[in-house]
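Q: Please take a close look at one part of this model, the strand pairings and what surrounds them. Short sentences suit me, with residue numbers wherever they help.

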Amino acid sequence: MDAQETVKAKSTFREYAEAILMALVLALFIRTFMVQAFKIPSGSMIPTLQIGDHILVNKLSYGLRMPFLERYLLAYDKPDPGDVVVFIFPEDRSKDFIKRVVGVAGDTVEIRSKKVYINGKEALDPHAHFAGYDPQAGPMGGGDDYGPKVVPENHIFVMGDNRDRSYDSRFWGYVNLNDVRGKAFLIYWSWDGNDRWVRWERLGSIIR
């Protein structure tokens, strides 16, 4: 290989290296500020989300979060009742949870015999699912009745759609808005059980 071919080979290698580096930087930027992927490990959001669903979360839904500081640099919106959100679990900040927003700041939340009431009126609750209590789940049955309690400023009250089998705000309290990572919007992949059968019908489903 002569000098000219050596220079050309180095130039080609450099172009590929720069392209790969730029792709990595772009992917890191997107994951940090825009969109992040999560896997659903439990059945607390059944039937909306199944165990083995892989979802995308829009991290810009409510504002611009500062990485590592775990707070919003710029907040231009707030979660609405019905939004499915990913947030830092208040009891263990190394974990992320996903639940549905039921009440926002100032709302009086009450649950009577599994029915949700917001500000004294029975709430439209089309996503609620009752599969019966798991005897190994401990105190879940205590969620049949709750409140009334007022959601504090800068917080939300969240519940899993699988009401009988969800560990949520009924048990551990409210979610600080600064801990909301974003709004779930898409199922991009889904495995069915240990045999790893693809749930083709779920791919590309919008999360509502």
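A: Leu 64 stands opposite Leu 74 in strand 4. This is a predicted model, so every value here is computed from it. The pair belongs to strand 3 (residues 63-66) and strand 4 (residues 71-75), which run antiparallel and are joined by four bridges. The two strands form a hairpin, with four residues between them. Phe 68 sits in that turn, and its phi is positive, about 75 degrees.

A second antiparallel pair comes later in the chain. Strand 7 (residues 108-112) pairs with strand 8 (residues 115-118), again over four bridges. Here Arg 112 stands opposite Lys 115 in strand 8. Both strands belong to an open sheet of four strands. The order is 9-8-7-10, and the pairing is antiparallel. Strand 9 (121-122) and strand 10 (146-150) are the edges. Each has a single partner strand, so one side of each has no neighbour in the sheet.

The backbone around this sheet has some points to check. Asn 119 lies in the loop between strand 8 and strand 9. Its phi is near 55 degrees, positive although the residue is not glycine. Asn 119 is partly exposed, at 44% relative accessible area. Asn 154 is in the loop between strand 10 and strand 11. Asn 154 also has a positive phi, about 65 degrees, and is not a glycine. Its relative accessible area is 30%, so Asn 154 counts as partly exposed.

Strand 10 holds a further detail. Pro 148 lies in this strand. The peptide bond from Gly 147 to Pro 148 is cis, with omega near 5 degrees. Another cis bond joins Ile 46 and Pro 47, with omega about 5 degrees. Pro 47 is in the loop between strand 1 and strand 2 (53-58).

Next, a residue that touches this sheet. Phe 157 is in strand 11 (residues 155-159). Its relative accessibility is 0%, so Phe 157 counts as buried. Setting aside neighbours within four places in sequence, its contacts include Val 109, Tyr 146 and Val 151. Val 101, Val 102 and Gly 103 are also among them, as are Ser 169, Arg 170 and Tyr 174. Phe 157 and Val 109 are 48 residues apart along the chain, and their C-alpha atoms are separated by 8.1 Å.

Phe 157 also touches Arg 100. Arg 100 is placed in strand 6 (residues 96-104). At 4% relative accessibility, this arginine counts as buried. What does its side chain reach? One polar contact goes to the side chain of Asp 161, at 2.8 Å. The side chain of Arg 100 also reaches the backbone oxygen of Arg 208, at 2.9 Å. Beyond four places in sequence, the residues in contact with Arg 100 include Met 45, Thr 48 and His 127. Gly 82, Asp 83 and Val 84 are among them too. So are Val 158 and Met 159.

Strand 6 leads on to the largest pocket. The volume of this pocket is about 280 Å³. Its lining has 17 residues, and Pro 41, Ser 42, Ser 44, Phe 97 and Ile 98 lie nearest the centre. Strand 1 (35-39) and strand 6 each supply at least two lining residues. The largest share, four residues, comes from strand 6. By residue type, the pocket lining divides into nine nonpolar, four polar and four charged.

Then there is enclosed space. The count comes to one cavity of 30 Å³ or more. The largest cavity has a volume of about 40 Å³. Its lining includes Ile 111, Lys 114, Val 116, Phe 130 and Gly 143. Asp 144, Met 159, Arg 163, Asp 164 and Arg 170 also line the cavity. Four of the lining residues are nonpolar, one is polar and five are charged.

Last, the chain as a whole. The protein chain has two helices and 15 strands. Of its 208 residues, 35% count as buried. Among contacts with a separation of 6 or more, 60% are between residues 24 or more positions apart.

How values were computed. Residues are numbered from 1 along each chain as its sequence is written. This is a predicted model: local features need pLDDT of at least 70, side-chain atom pairs count only at pLDDT 80 or more; totals for chains, interfaces and linings use all residues. Side-chain values use heavy atoms; hydrogens and water are left out. On a 1 Å grid over the protein atoms alone, a cavity is a set of points where a 1.4 Å probe fits but cannot get out, and a pocket is an open set with protein on both sides within 12 Å along at least five of seven lines; lining residues have an atom within 4 Å of a point. Grid points are joined across faces, edges and corners, and a volume is the space filled by probe spheres set on the points. Ala, Val, Leu, Ile, Met, Phe, Trp, Tyr, Cys and Pro count as nonpolar, Asp, Glu, Lys and Arg as charged, and the others, Gly among them, as polar. Two strands pair if DSSP finds at least two bridges between them. Buried means under 20% relative accessible area, exposed over 50%, partly exposed in between (1.4 Å probe, protein chains only). Contact means heavy atoms within 4.5 Å. A polar contact is a pair of N or O atoms within 3.5 Å; within protein, one must be able to donate a hydrogen and the other to accept it, and residues adjacent in sequence count only if both atoms are side-chain atoms.
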